[in-house]
Amino acid sequence: MTASGVIQLKNILLKYGNYCAIDNVSVDFKEGEFFALLGPSGCGKSSLLRIVAGFVEPTSGEVLLDGKDMTSVPARHRPINMMFQSYALFPHMSVEQNVRYGLEMAKLPSAEIKVRVDEILETTHLTSMARRRPNQLSGGQRQRVALARALVMRPRVLLLDEPLGALDKKLREAMQLELKRLQHDMGLTFVVVTHDQEEALVMADRIALMRAGKIEQIGTASELYERPASRFVADFIGRTNFFDGVASAGKVGVDQLGTLTGDVAAEGRVTYSIRPEWIRLFNDRPAGYDNCLEGTVEELNYHGQGENVMVRLPGQTQLVTVLKPANQATPATVAYGGKIWLAWNGQDARVLTR
């Protein structure tokens, strides 16, 4: 294995006529990590996964596995397995038969097949369901069968294309943790494609956020959330509030709001970003904060874990969102149509130049 990654993609370009699906992408997937390709529909993440799998050959660029060029190697000859959103289980076969099918096609000895199937059924908590057929299973159970069928082949890398998209919210959250547990226990490299930023934040060791065929930023969940490289990243990962302004002398001037302080190293047009959870609410102008703005409460949205307070500030077309946690007392009384002060410190804001 190379020092940089078990799989290396170098300058991958994929074009269909005049349309560029992937535009000069380079990225490494490290040994034993859970990597997420994240982005909106049509950004190129699934196409990139299919290039890694060998189902699509890039227009140009290289796919390296342990330092060896695999760009033109067919999918069946790569030590990589792929799990699709549809699961593609054989409906006439039992769980056990579905799982052992790939091993039988590989003509492994029957004794080894039995050992490997028994092990993976135990690992994925499917032993008690071994004789059931797919139509007798829940969505989450079918997902685990598809996962077991892929893992039993002991691939160097497992690719997962929107693996949880067909599940309801509660089951999807449970399976996110299950996938992470299996990946950790087995020590395999997982690469997952998802459009769900929460899913990527929960599961992945590192995330590549894609946009229009390019990678906007690669990093850990906390790096993308706390130190976004662009307005697109800040907006896609979680929720945030934006103010357009002009940076000068370490401050950002915003029309009708005055100057805002933050981590300002740039000069000229910038976007000032502050997350809802970093803003505090007060009925009177508070002391001890770098930034204080007065506005009017226009909406209150309760969501169980807390309340989103939507505030109109002078000259701003977008409402500012403030998170008021349900389990934390606030010194402010919040009411529809009431005046409210918003306060935060400059160290919690981000100033973006693109």
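Student: What is the strand order in the open sheet of four strands, and which kind of pairing does it have?

Tutor: In this predicted model, the order runs E2-E1-E4-E5, and the pairing is antiparallel.

Student: What makes E2 and E5 edge strands?

Tutor: Strand E2 (19-29) and strand E5 (68-69) each have a single partner strand, so one side of each has no neighbour in the sheet.

Student: How do you know that E4 and E5 pair?

Tutor: Set the count against the cut-off. Pairing takes at least two bridges between two strands, and strand E4 (residues 60-65) shares two bridges with E5, in the antiparallel sense. The pair therefore qualifies. For a spot to look at, Leu65 sits opposite Lys68 in E5.

Student: Which helix lies across strand E1?

Tutor: That's helix H1 (residues 45-53), which crosses E1 (7-16), E2 and E4 and runs at about 120° to E1.

Student: What about the open sheet of five strands, what order does that have?

Tutor: There you get E13-E12-E11-E14-E20, with antiparallel pairing. Strand E13 (258-261) and strand E20 (350-352) are the edges, as each pairs on one side only. From one strand to the next, the twist averages 45°.

Student: How do you know that E12 and E13 pair?

Tutor: Same kind of check: the definition asks for at least two bridges, and strand E12 (residues 251-254) has four with E13, in the antiparallel sense. So they count as paired. Lys251 stands opposite Thr261 in E13.

Student: Why are the 45 residues called a nonpolar core?

Tutor: Because a nonpolar core takes buried residues of types such as Val, Leu, Ile and Phe, joined through side-chain atoms within 4.5 Å. Buried means under 20% relative accessible area. Val99, Leu147, Leu160, Leu179, Phe190, Ile207 and Leu209 touch the most other members of this largest core. Helix H4 (residues 139-151) gives the most to the core, six residues.

Student: Which residues does Leu147 touch?

Tutor: Leaving aside residues up to four places away in sequence, Leu147 touches Met83, Leu158, Leu160, Leu179 and Leu182. Apart from that core lies another, of 29 residues, with Val6, Leu37, Leu48 and Ala208 among them.

Student: And what are the bounds of the domains?

Tutor: The protein chain is divided into domain 1 (7-227) and domain 2 (244-353). Their C-alpha centres lie 40 Å apart.

Technical notes
Residues numbered from 1 in each chain as written. Predicted model: local features only at pLDDT ≥ 70, side-chain atom pairs only at ≥ 80, totals over all residues. Heavy atoms only, no water. Buried < 20%, exposed > 50% of the residue type's maximum accessible area, 1.4 Å probe, protein only. Contact = heavy atoms within 4.5 Å. Domains from an automatic or database assignment. Axes fitted to C-alpha atoms, helices over the stretch in contact; angles between N-to-C directions.
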